[in-house]
Amino acid sequence: MPRKPPARPADPSDPPATDWDQVLSAFGPDPHPAPPSASPPAAPAGPLVAARAALERLSTWVPIRSLARRHRRRIIEHLLAMEPRDRYLRFGYSASDEQIHKYALSIDFARDEVLGIFNRRLKLVALAHLAYGQPLPGDPTRTMAEFGVSVLPESRGRGLGGRLFQTAALHARNRGIDTLFIHALSENRPMLRIATAAGAIVERDGSESAAYLRLPPDTFGSQVEQALDRHLGELDFQFKRQAQVLSDFVDSVGEIKAQIDASGRSSKE
Ligand SMILES: CC(C)(COP(=O)(O)OP(=O)(O)OC[C@H]1O[C@@H](n2cnc3c(N)ncnc32)[C@H](O)[C@@H]1OP(=O)(O)O)[C@@H](O)C(=O)NCCC(=O)NCCS
């Protein structure tokens, strides 16, 4: 950071600072007047801004977990829990249970990424599928990933869809993908709101819309951010699992005690 130059010691023969304008006015108007300082000083750039952005992200942090093949059953349960209207918005058609099964079984975990958010009871409340290897129409040199998401109704409006979108953008960027693509129905205001808030350009074609988000190249910072998110997401899941085991144990102790009490009562009778 550049240092401020030391102040010149005051000379007793100097006129008071407030009189300078009066002294100089004797020489006519200033040919190079200083530009008016109407605009406030620029916000500090660099590490401070990055630290502030990181703190903001931390304050809205949501544990997101990368899902694997072994989570297929939970993925199917999550998708089957969607109402017909949400299935229509998610897939672009009213997917039947059978079509949902087929879709879930066709996810290629080796190529794509599936991200999930679990609640305290370990229910999968939000799910995103990031499909890699999609060709970009009109420009085969560019790389693209398609984003699809669903959040269960009771968990909506809390920013989960938006967080999954930001995380998907980070992961795609770290894989060298330059465009994130979302295909949504034009009536799907929440989805299009999430995309435009992140800076995506929306192309509307009647009842359907396509949103394109240009991604910057990855950096050391973006890779660290993804690694940190993954560890914290995993830690959060393990913590919830332990809490669930403990709660199940307490419940079963309660049940056993109730049974003993009941059998004691009946033998007395
Ligand atoms: C789209 C969906 C994933 C959004 O999930 P969510 O967790 O509620 O989303 P968020 O809370 O992160 O954000 C929703 C945004 O839409 C805005 N929104 C909600 N309803 C809206 C409406 N009717 N009109 C305009 N904006 C609306 C919210 O205000 C919020 O924006 P903000 O953060 O700027 O306030 C969820 O509604 C869903 O699962 N829908 C069914 C499946 C689907 O449509 N999938 C997308 C197709 S791939």
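These legends walk through several close-up views of a predicted model.

**View 1. The whole protein, as a starting point.** Before zooming in, get your bearings: the protein has 8 helices and 7 strands. Of its 269 residues, 20% are buried. Now look at contacts between residues at least 6 apart in sequence: 61% of them join residues at least 24 apart.

**View 2. The sheet and its strand order.** Follow the strands across the open sheet and you'll read β1-β2-β3-β4-β5-β7-β6, which is 7 strands with mixed pairing. The edges belong to β1 (65-67) and β6 (201-205), each of which pairs on one side only. On average, neighbouring strands here are turned by 25° against each other, ignoring direction. As a general reminder, strands of a sheet pair through backbone hydrogen bonds, either parallel or antiparallel. The next views show both kinds.

**View 3. Strands β3 and β4, side by side.** Strand β3 (residues 124-135) runs antiparallel to β4, and 8 bridges join the two. To trace the pairing yourself, find His129, which stands opposite Gly148 in β4. Then find Leu127, whose bridge partner in β4 is Ser150.

**View 4. Strand β5 and its two partners.** How many bridges join β4 to β5? There are 3, linking β4 (residues 143-151) with β5 (residues 179-185), and these strands run parallel. To get from β4 to β5, the chain passes through helix α6 (residues 160-174), making a right-handed β-α-β crossover. One pair to look for here is Met144, standing opposite Thr179 in β5. With strand β7 (residues 208-214), β5 pairs in the antiparallel sense instead, over 7 bridges. There, Leu180 stands opposite Leu213 in β7.

**View 5. Two helices lying across the sheet.** Helix α3 (residues 72-80) lies across four strands: β1, β2 (113-118), β3 and β4. Its direction is at about 105° to β3. Helix α8 (residues 220-268) lies across β1 and β2, and runs at about 85° to β1.

**View 6. Gly116, a buried glycine in a strand.** Look for Gly116 in strand β2. Is Gly116 buried or exposed? Count its surroundings: 21 other C-beta atoms lie within 10 Å, and the cut-off for buried is 20 or more, so Gly116 is buried. Beyond its neighbours within four places in sequence, Gly116 is in contact with Arg65, Leu67, Leu124, Ala126 and Leu127. Arg65 and Leu67 fall in β1 (65-67), while Leu124, Ala126 and Leu127 fall in β3 (residues 124-135). Now look for Gly233: 117 residues separate Gly116 and Gly233 in sequence, yet their C-alpha atoms are 9.7 Å apart in space. Gly233 falls within α8 (residues 220-268).

**View 7. Leu122 and its unusual backbone angle.** Leu122 sits in the loop between β2 and β3. Its phi is positive, near 65°, even though this residue isn't a glycine. What makes that worth a look? Most residues other than glycine have a negative phi. Leu122 has 13 other C-beta atoms within 10 Å, so it counts as partly exposed.

**View 8. The two sides of helix α7.** Which residues of helix α7 (residues 189-197) are buried? They are Met191, Ile194 and Ala195. These three cover an arc of only 95° around the axis, so they sit on the same side of α7. Turn to the other side of α7 and you'll find Arg189, Arg193 and Ala197, which are exposed. The cover over the buried residues of α7 includes α6, β5, β6 and β7. After the helix comes Gly199, with a positive phi near 105°.

**View 9. Around the ligand.** The ligand is surrounded by 22 residues, and the closest are Leu89, Arg156, Gly161, Gly162 and Arg189. Four elements give two or more residues each to this shell: α4 (84-91), β4, α6 and α7. Which element gives the most to the shell? That's α7, with 6 residues. You've already met one of the closest residues, Arg189, as an exposed residue of α7.

Key. Residues are numbered from 1 along each chain as its sequence is written. This is a predicted model: local features need pLDDT of at least 70, side-chain atom pairs count only at pLDDT 80 or more; totals for chains, interfaces and linings use all residues. Two strands pair if DSSP finds at least two bridges between them. A crossover is right-handed if, with the strands pointing away from the viewer, the path from the first strand over the helix to the second runs clockwise. Axes are lines fitted to C-alpha atoms, for helices over the stretch in contact, and angles run from 0 to 180 degrees between N-to-C directions. Two residues are in contact if their C-beta atoms, placed from the backbone, lie within 7 Å. A residue is buried if 20 or more other C-beta atoms lie within 10 Å of its own, exposed if 12 or fewer, and partly exposed in between; C-beta atoms are placed from the backbone. The arc is that of the directions from the helix axis to the C-beta atoms. A residue is near a molecule or strand if its C-beta atom, placed from the backbone, lies within 6 Å of it.
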